[in-house]
Amino acid sequence: GGVIKLYVPPSPERMQKAFEARKVSFAKTGGRVDLVFNDYALPGDSMTVDFDTASKKIQSLSVKSYLDTPQNPVTMKVDFATLPDGTSHPSRTTLDARGQDIVEVTSVNSNYRKSSGF
C-alpha cells in the first residue's frame with residue numbers, strides 16, 4: 001500500500017517539480033501522449049502517464065520504483081476507467097515486488113454506483 005500512495009493519484013506538485021527540474025520527457029503515438037517523469041517520488045524512480053488527448057483522461061500509469069532501497073525494485077501498472085458520469089478512477093492495479101517475495105498483486109475496482117444519499 002505505501003508505495004502505491006506515492007503515485008496514485010498522481011501529485012500535481014510532484015509533477016510540477018519534475019517539469020521545473022526538466023525531468024520529464026514526451027512520446028506521442030496516435031491520439032495518445034506518454035509523459036515520463038523521472039525522479040518523481042524517489043531518486044531513480046520513473047512514472048509514465050499514458051494520456052488520451054481526445055478524452056483528456058489518463059488511460060494508465062506505469063511505475064518503476066523500489067521499496068526502501070533501489071536493490072528492492074517494484075513495478076506497478078494502474079489502468080484507469082471512466083464512470084458513466086465522466087469520473088476517471090483506477091480500475092486495475094498490478095504491483096510486482098519480486099525482491100520482497102511478492103510476485104504479483106492485482107487489485108480490481110468495479111461496480112461503482114452513486115450512493116442513494118441515505
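The following questions and answers go through the core, the aromatic rings, the strands and the salt bridges of a predicted model.

User: What kind of model is this, and what pLDDT do side-chain atom pairs need to count?
Analyst: Residues are numbered from 1 along each chain as its sequence is written, and side-chain values use heavy atoms, with hydrogens and water left out. The model is predicted, local features need pLDDT of at least 70, totals for chains, interfaces and linings use all residues, and side-chain atom pairs count only at pLDDT 80 or more.

User: Which element gives the most residues to the largest nonpolar core?
Analyst: A nonpolar core is a set of buried Ala, Val, Leu, Ile, Met, Phe, Trp, Tyr and Cys residues joined through side-chain atoms within 4.5 Å. The largest one has 20 residues, and Tyr7, Phe37, Met47, Leu61 and Met76 touch the most other members. Two or more residues come from each of α2 (12-20), β2 (32-38), β3 (46-52), β4 (57-66), β5 (73-82) and β6 (88-97), where helices (H or I, at least four residues) and strands (E, at least two) are DSSP runs numbered from the N terminus. The element that gives the most, with 4 residues, is β5.

User: Is Met76 buried or exposed?
Analyst: Buried means under 20% relative accessible area, exposed over 50%, and partly exposed in between (1.4 Å probe, protein chains only). Met76 is placed in strand β5. Its relative accessibility is 4%, so Met76 is buried.

User: Which residue in β6 stands opposite Met76?
Analyst: Contact means heavy atoms within 4.5 Å. Leaving out residues up to four places away in sequence, Met76 touches Ile4, Tyr7, Val8, Leu61, Ser62, Val63, Thr93, Thr94 and Leu95. The residue opposite Met76 in β6 is Leu95.

User: Which residues does Tyr7 contact, leaving aside neighbours within four places in sequence?
Analyst: Tyr7 is among the core residues that touch the most other members. With those neighbours left aside, the contacts of Tyr7 are Tyr40, Ala41, Leu42, Asp45, Met47, Leu61, Val63, Ser65 and Met76.

User: How many bridges join β5 to β6?
Analyst: Two strands pair if DSSP finds at least two bridges between them. β4 and β5 run antiparallel and are joined by 7 bridges; Lys64 has Thr75 in β5 as its bridge partner. β5 and β6 also run antiparallel, and the number of bridges joining them is 8.

User: Which residue in the turn between β5 and β6 has a positive phi?
Analyst: The hairpin of β4 and β5 has 6 residues between the strands, and Asp68 in its turn has a positive phi of about 65°. β5 and β6 form a hairpin with 5 residues between them, and the turn residue with a positive phi, about 95°, is Gly86.

User: Why do the rings of Phe19 and Phe37 count as edge-to-face?
Analyst: Rings of Phe, Tyr and Trp (its six-membered ring) pair if their centres lie within 6.5 Å; planes under 30 degrees apart count as stacked, over 60 as edge-to-face and the rest as tilted. The whole structure holds 4 aromatic pairs. In the pair of Phe19 and Phe37 the centres are 5.6 Å apart and the planes stand at 85°, so the pair is edge-to-face.

User: How many residues apart in sequence are the parts that Phe19 and Phe37 tie together?
Analyst: Phe19 is partly exposed at 36% relative accessible area, whereas Phe37 is buried at 0%. Both belong to one aromatic cluster with Tyr7, Phe26 and Tyr40. Phe19 lies in helix α2 and Phe37 in strand β2, so the distance in sequence is 18 residues.

User: Which residue forms a salt bridge with Arg32?
Analyst: A salt bridge is a side-chain nitrogen of Lys or Arg within 4 Å of a carboxyl oxygen of Asp or Glu, and the structure holds 3 of them. Arg32 is partly exposed at 34% relative accessibility. With the closest N and O atoms 3.0 Å apart, the partner of Arg32 is Asp50.

User: Where do Asp39 and Lys23 lie?
Analyst: The side chains of Asp39 and Lys23 meet in a salt bridge at 2.5 Å, N to O. The two residues are 16 residues apart: Asp39 is in the loop between β2 and β3, and Lys23 is in the loop between α2 and β1 (24-29).
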